[in-house]
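Thanks for asking me to look this one over. Here are my notes, in the order in which I would walk through the fold with you.

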Amino acid sequence: QLRDIDIMLAHGCPAGLGYGREPDYSVQPIRDVLDAVQPRFMFCGHAHYYKEARTDTTAVYAMNELKHEYYILDTMTEVLEAFPSGSAA
């Protein structure tokens, strides 16, 4: 019943979008929720690398570890910009 959601966050990545080993990195129940809610953006982690994918309705981003980079999303232009973190450790 959730609609008009702009941003969805999840620890794991949704299955079927090329995020890696399923069910370790990519999880079908997360994909089921993503497909039902259809947010504008989804952000996930767990894979520990950056990757962008797209469904018919959603831009899906796997985020790299914070020790490597952080991100700023401009929701008006729908541009996600990555910035290196201060530490390379």
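1. In this predicted model, helix α1 lies across β1, β4 and β6. Relative to β1, the helix runs at about 170 degrees.

2. The sheet under discussion is open and has four strands, in the order β1-β4-β6-β5 with mixed pairing. Its edges are β1 (7–10) and β5, each of which pairs on one side only. Direction ignored, neighbouring strands here are turned by 20 degrees against each other on average.

3. A word on pairing: strands of a sheet pair through backbone hydrogen bonds, either parallel or antiparallel. Which case applies to β4 and β6? Strand β4 (residues 41–44) and β6 run parallel, joined by four bridges. If you would like a residue to click on, Met-42 has Val-60 in β6 as its bridge partner.

4. Back to the helix, where I would pick out Arg-31, found in α1 (residues 28–37). Is this arginine buried or exposed? Arg-31 counts as buried because its relative accessibility is 17%, under the 20% cut-off. Beyond residues up to four places away in sequence, Arg-31 touches Pro-14, Ala-15, Gly-16, Leu-17 and Thr-55.

5. Thr-55 deserves a look from its own side too. This threonine sits in the loop between β5 (51–54) and β6 (59–62), and at 14% relative accessibility Thr-55 is buried. Apart from neighbours within four places in sequence, Thr-55 contacts Leu-17, Arg-31, Leu-34 and Val-60. Val-60 is also the bridge partner of Met-42, while Leu-17 is also touched by Arg-31.

6. Next, please turn to Met-63, in the loop between β6 and β7. With a relative accessible area of 17%, Met-63 is buried. Which residues does Met-63 contact, leaving aside neighbours within four places in sequence? They are Phe-43, Cys-44, Gly-45, His-48, Tyr-49, Tyr-50, Tyr-71 and Leu-80. As for Gly-45, its C-alpha atom is separated from that of Met-63 by 5.2 Å, although the two residues are 18 apart along the chain.

7. My last point concerns the surface. Leu-66, Tyr-70 and Ile-72 form a nonpolar patch there, with about 310 Å² of accessible area together. Ile-72 belongs to strand β7 (residues 69–74). Why is Ile-72 classed as partly exposed? Its relative accessible area is 47%, so Ile-72 falls between the 20% limit for buried and the 50% limit for exposed.

How values were computed
Residues numbered from 1 in each chain as written. Predicted model: local features only at pLDDT ≥ 70, side-chain atom pairs only at ≥ 80, totals over all residues. Heavy atoms only, no water. Patch = residues over 30% accessible without salt bridge, like charges linked within 9 Å, V, L, I, M, F, W, Y side chains within 5 Å. Areas by Shrake-Rupley, 256 points an atom, 1.4 Å probe, with all protein chains shown as cover. Salt bridge = Lys/Arg side-chain N within 4 Å of Asp/Glu carboxyl O. Helix = DSSP H or I, 4+ residues; strand = E, 2+ residues; numbered from the N terminus. Buried < 20%, exposed > 50% of the residue type's maximum accessible area, 1.4 Å probe, protein only. Contact = heavy atoms within 4.5 Å. Pairing = 2+ DSSP bridges. Axes fitted to C-alpha atoms, helices over the stretch in contact; angles between N-to-C directions.
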